[in-house]
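This briefing covers the ligand shell, a few residues of the protein interior and the salt bridges. Please read it alongside the sequence and the structure shown here.

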Amino acid sequence: MSPALAASFFAAREDPSLVVLEGFHALKHALRFGAVVEAAVTSDPDELAELSAALAPDVAAALETLVQPVEPAALRALGFPRPPHTGVAAIARRPPFDLGGLLAGNVARPIVLLEDPRHLGNVGAVVRVAAAADAAGVVTTGARDPWDSAALRGAAGLHYALPVGRADDGFDPAPRPLVALDPDGDPLPAAAIPPGAVLAFGTERHGLSDALLARADARLRIPMRDGVSSLNLATAVAAVLFSR
Ligand SMILES: C[S@@+](CC[C@H](N)C(=O)[O-])C[C@H]1O[C@@H](n2cnc3c(N)ncnc32)[C@H](O)[C@@H]1O
């Protein structure tokens with residue numbers, strides 16, 4: 001492996017315009033949804049060929065052109081203490097995020113708003129289910145970067161399937177209604193969610209802030225068995241998106 005290739009993976013981790021993708025599925029989804037991939041490696045070309053043929057014939061030609069073989073030990077030298085088990089890693093461009101364009105765009109599809117999520121695995125799982133449910137986008141507030149490598153791992157690269165980015169706490173969801181999902185809300189019949197709503201979910205420990213609840217046009221809950229306090233954040237997002 002060339003020293004320049006190793007240097008490019010370390011540089012990409014420090015460059016806000018780039019991301020490092022880990023694993024075959026992340027690279028497959030990134031290519032399928034239009035990512036610009038700058039470099040890709042595999043430590044197991046035979047497995048990559050099998051996975052491509054079985055799971056990604058639509059991007060198999062791109063994978064064959066892009067991915068260069070490296071020695072298994074090289075993945076550690078690229079900065080993966082626990083290399084992805086498929087032996088695949090890549091560097092891709094992070095697309096720009098246009099919050100105004102997202103809010104003004106297709107107003108029939110919902111936007112998922114995560115208020116100050118703490119667990120990046122949850123953020124990734126939310127991006128994955130939002131992509132599957134054809135939501136318009138995922139917006140987060142707070143300090144965590146929704147494009148962090150841990151979130152990318154949790155989403156299997158599906159960040160490229162829909163706009164994902166950060167907003168300020170007090171961002172204005174207009175022209176869309178703001179719906180707060182909260183265990184103390186009114187019970188949720190699917191019909192209560194207006195088309196194109198911004199669906200707001202709270203932080204893992206404390207739930208939605210009083211400030212957001214005060215601004216919400218509706219406050220809805222997923223009915224649960226007595227004694228259960230709440231659902232996991234990503235599970236709550238999945239239940240709501242697939243109840244529409
Ligand atoms: C782990 S829960 C937070 C629990 C927090 N102790 C609370 O009381 O809100 C994270 C988020 O998932 C959503 N959530 C979890 N269970 C829910 C339910 N049954 N109905 C509506 N939203 C729910 C809410 O948006 C909540 O803020």
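How do the residues of the shell around the ligand divide into nonpolar, polar and charged? Ten are nonpolar, five are polar and four are charged. The model is predicted. The points below take the ligand first, then E115 and L51, then the salt bridges.

**Ligand shell**

- The ligand is surrounded by 19 residues, and the closest are L181, G202, R205, I222 and L231.
- Three elements, β8 (178-187), β10 (218-221) and α10 (233-241), each supply at least two residues of this shell.
- The most is given by β8, which supplies three residues.

**Polar contacts of the ligand**

- A polar backbone atom of L181 is 2.6 Å from an oxygen atom of the ligand.
- For L231, a polar backbone atom is 2.9 Å from a nitrogen atom of the ligand.
- D182 places a backbone N or O atom 3.4 Å from a nitrogen atom of the ligand.
- On its own the ligand has 560 Å² of accessible area, and the protein covers 86% of that.

**Buried residues**

- E115 sits in the loop between β5 (111-114) and α7 (120-132).
- Although E115 is buried, this residue has no salt bridge. The nearest side chain of opposite charge belongs to R215, 6.2 Å away, and a salt bridge needs the side-chain nitrogen within 4 Å of a carboxyl oxygen.
- The E115 side chain does make a polar contact, at 2.6 Å, with the side chain of S209.
- L51 is part of helix α3 (residues 45-55).
- L51 has a relative accessible area of 16%, and it counts as buried because the cut-off for that class is under 20%.
- F24 and L51 are 27 residues apart along the chain, while their C-alpha atoms are separated by 7.9 Å.

**Salt bridges**

- Side chains of opposite charge can pair when their charged atoms come close. How many salt bridges does a search of the whole structure find? The search finds seven, and three of these are described below, each with the placement of its two residues.

*R32 and D58*

- The side chains of R32 and D58 meet in a salt bridge with an N to O distance of 2.7 Å.
- This pair links distant parts of the chain, 26 residues apart: R32 is in helix α2 (residues 24-32), and D58 is in the loop between α3 and α4 (60-66).
- R32 is partly exposed, with a relative accessible area of 32%.

*R93 and E38*

- In the salt bridge between R93 and E38, the closest N and O atoms are 3.1 Å apart.
- R93 belongs to strand β4 (residues 88-93) and E38 to strand β2 (residues 37-42), so this pair ties together parts that are 55 residues apart in sequence.
- R93 counts as partly exposed at 35% relative accessibility, and E38 counts as partly exposed at 43%.

*D145 and R94*

- D145 and R94 form a salt bridge whose closest N and O atoms are 2.9 Å apart.
- Here too the pair links distant parts of the chain, 51 residues apart. D145 is in the loop between β6 (137-140) and α8 (149-155), and R94 is in the loop between β4 and α6 (99-104).
- D145 is partly exposed, with a relative accessible area of 22%. R94 also counts as partly exposed, at 26% relative accessibility.

Definitions and conventions. Residues are numbered from 1 along each chain as its sequence is written. This is a predicted model: local features need pLDDT of at least 70, side-chain atom pairs count only at pLDDT 80 or more; totals for chains, interfaces and linings use all residues. Side-chain values use heavy atoms; hydrogens and water are left out. A residue is near a molecule or strand if one of its heavy atoms lies within 4 Å of it. A polar contact is a pair of N or O atoms within 3.5 Å; within protein, one must be able to donate a hydrogen and the other to accept it, and residues adjacent in sequence count only if both atoms are side-chain atoms. Accessible areas come from the Shrake-Rupley method with a 1.4 Å probe; for residues, only the protein chains shown count as cover. Helices (H or I, at least four residues) and strands (E, at least two) are DSSP runs, numbered from the N terminus. Ala, Val, Leu, Ile, Met, Phe, Trp, Tyr, Cys and Pro count as nonpolar, Asp, Glu, Lys and Arg as charged, and the others, Gly among them, as polar. Buried means under 20% relative accessible area, exposed over 50%, partly exposed in between (1.4 Å probe, protein chains only). Lys and Arg count as positive and Asp and Glu as negative; His and the chain ends are not counted.
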